[in-house]
Amino acid sequence: MKKMIFIITIIFLSLLFIIYFLPITKPAKKITWGINFAQFYAQSFGLNWKETYLKLIEELNVKNIKILTAWNLIEPEKNKFYFDDIKWQIEKANEKDIKLILVLGMKTGRWPECHLPDFAKKLNKEELQKEILELLRKEVDELKGYKNIVAWQVENEPFLNFGECPFYNDKNFLEKEVKLVKEIDPQRPIIISESGELSFWTKGAQIGDILSITLYRKVWQSEFKKYFVYPLSPNFYYLKAKAIEKIFSKKVICSELQGEPWGKSNLLYNFPIEEQLEDMTLKELKNNINFAKKTGLDTFYFWGAEWWYFLKEHGHAEYYEEMKSLF
C-alpha cells in the first residue's frame with residue numbers, strides 16, 4: 001500500500017513538473033493584439049473619453065477593440081435608450097478598419113462589473129432577467145447593421161462571483177441570452193468569457209461559439225493586504241486551451257490580458273500615480289506580454305489601455321510608447 005501511494009505521488013509530482021516547468025507550449029506563428037475600452041472607465045481617470053479613444057486608435061494603431069457597454073448608459077431610464085456614444089465608437093473604428101467585439105448585457109466588466117440603471121436595481125430576479133433580455137434585444141437590433149462588429153460577447157465572466165451584482169452563475173439564463181442573440185443575429189459568433197485562473201472553462205465552452213479567458217499574473221489579496229503572483233506557467237493555459245479545442249471544438253482567445261495594476265480597492269484611479277507605477281512596473285508589463293506569447297494562444301486584448309493614456313498625460317509615456325511598439 002505504501003509503495004502504491006509512493007508511486008502515485010511520484011506520478012502526480014511528475015505531471016505537475018511537466019505542466020508548470022517543461023517548455024511544451026508552441027507559440028502562435030501570428031498573434032493578434034487588441035485592447036479593451038470602456039468610456040466610463042476613461043472618465044474615471046478624469047480623461048475626455050472621446051479624445052482617449054481616438055488617440056488609442058490613431059497613435060497606437062490598434063486594429064482590434066473590445067468595447068464594454070454599460071446598461072446604465074444605454075438605458076438610463078426604463079425604455080429610454082441612448083446609443084449615440086456606442087455608435088460613435090463603432091463608426092470611428094470603422095473609419096480605420098478596426099474590428100470590434102461588443103460586450104452586451106448586465107455584467108460587462110470594470111468595477112462594479114454589473115452596471116444597472118436605477119430602475120433595474122429595484123427589481124426581483126425574475127423581473128430583472130426579463131429586462132436584461134429586452135436590453136439584449138434592443139442592443140443587437142440597433143447595432144447588428146455595423147459590419148465591423150465581428151462578434152458579440154454575452155455578459156462578462158458570468159460564472160464568476162465577482163463584483164456588485166444581483167446574481168451570478170445562472171447557466172440557464174445565460175443560455176436564454178445566447179439563444180435570443182442568435183435568433184436576432186444568427187451570423188456573428190457568440191463569445192462567453194471565463195476566469196483564466198479560477199475556472200475549468202468548461203461551462204463557457206458548452207454555451208459559446210468562442211471561449212474567452214482572462215490572464216492575470218499579479219492580483220491584490222485584500223484578506224492579506226498584499227499582492228499575490230499566480231504560480232502558473234504558460235503550459236497551464238496552453239494545455240487547458242488544447243483540451244477545450246479537442247473536447248468542445250471551440251477556439252480559445254484571451255480577451256483580458258493584464259496590462260495595468262490590480263487596484264487595491266478595484267478603483268485604480270483613486271490611488272496616487274507613484275503607487276500605481278509601483279504596483280505594475282514597465283518590466284512587469286513586458287513580462288506579461290512575453291508570458292502571453294508563450295501560452296500558444298493567438299489572440300489577446302489588453303486590459304489597461306485607458307491607464308496607459310492617463311499615464312502619458314501625466315508625464316509617464318513609457319508604458320504608452322512600449323505598447324505603441326507592440327501594435
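In this predicted model, strand 3, helix 6 and strand 4 form a β-α-β unit of right-handed sense. Strand 3 covers residues 99-104, helix 6 covers residues 125-143, and strand 4 covers residues 149-154.

Strand 3 has a partner in strand 2 and another in strand 4. Strand 2 (residues 64-68) runs parallel to strand 3, with 5 bridges between them. One bridge pairs Ile65 with Leu100 of strand 3. Strand 4 is also parallel to strand 3, again over 5 bridges. Here Val103 is matched with Gln153 of strand 4. Burial follows the same element: 5 of the 6 residues of strand 3 are buried, so the strand is largely enclosed by the rest of the structure.

Helix 6 is the helical part of the unit. Its 19 residues should span 27 Å at 1.5 Å a residue. The C-alpha atoms at its ends are 27 Å apart, which agrees with that expectation. Buried positions in helix 6 are Leu128, Gln129, Glu131, Ile132, Leu135, Leu136, Glu139, Val140 and Leu143. Viewed down the helix axis, the buried residues fall within an arc of 165°, so they line one face of helix 6. That set includes Gln129, Glu131 and Glu139 as well as leucines such as Leu128. The packing partners of the buried residues are helix 4, helix 5, strand 3, strand 4 and helix 7 (171-184). Thus strand 3 and strand 4, which flank helix 6 in the β-α-β unit, are also among the elements its buried residues pack against. Glu126 and Lys130 are exposed, on the face of helix 6 turned away from the buried side. Glu126 also features at the start of the helix. There, a side-chain oxygen of Asn124 comes to within 3.2 Å of the backbone nitrogen of Glu126.

Backbone geometry departs from the common pattern at several loop positions. Most peptide bonds are trans, and most residues other than glycine have a negative phi. The bond between Trp111 and Pro112 is cis, with omega about 10°. Pro112 belongs to the loop between strand 3 and helix 6. This cis bond therefore involves a residue of the connection within the β-α-β unit.

Positive phi values occur at Asn79 and Trp201. Phi is near 65° at Asn79, which is not a glycine. Asn79 sits in the loop between helix 4 (71-74) and helix 5 (84-95). Its relative accessible area is 55%, above the 50% cut-off, so Asn79 is exposed. Trp201, also not a glycine, has a phi of about 75°. Trp201 is placed in the loop between strand 5 (190-194) and helix 8 (202-207). With 0% relative accessibility, under the 20% cut-off, Trp201 counts as buried. The two positive-phi residues thus lie at opposite ends of the burial classes: Asn79 is exposed, whereas Trp201 is buried.

Further along the chain, Tyr309 is part of helix 12 (residues 305-313). Its relative accessibility is 2%, so Tyr309 is classed as buried. Leaving aside residues up to four places away in sequence, Tyr309 touches Leu47, Glu51, Thr52, Lys55 and Tyr320. Relative to Lys99, Tyr309 is 210 residues away in sequence. In space, their C-alpha atoms are 21 Å apart.

Key:
Residues are numbered from 1 along each chain as its sequence is written. This is a predicted model: local features need pLDDT of at least 70, side-chain atom pairs count only at pLDDT 80 or more; totals for chains, interfaces and linings use all residues. Side-chain values use heavy atoms; hydrogens and water are left out. Buried means under 20% relative accessible area, exposed over 50%, partly exposed in between (1.4 Å probe, protein chains only). Helices (H or I, at least four residues) and strands (E, at least two) are DSSP runs, numbered from the N terminus. Two strands pair if DSSP finds at least two bridges between them. A crossover is right-handed if, with the strands pointing away from the viewer, the path from the first strand over the helix to the second runs clockwise. The expected span of a helix is 1.5 Å times one less than its number of residues. The arc is that of the directions from the helix axis to the C-beta atoms. Contact means heavy atoms within 4.5 Å. A polar contact is a pair of N or O atoms within 3.5 Å; within protein, one must be able to donate a hydrogen and the other to accept it, and residues adjacent in sequence count only if both atoms are side-chain atoms.
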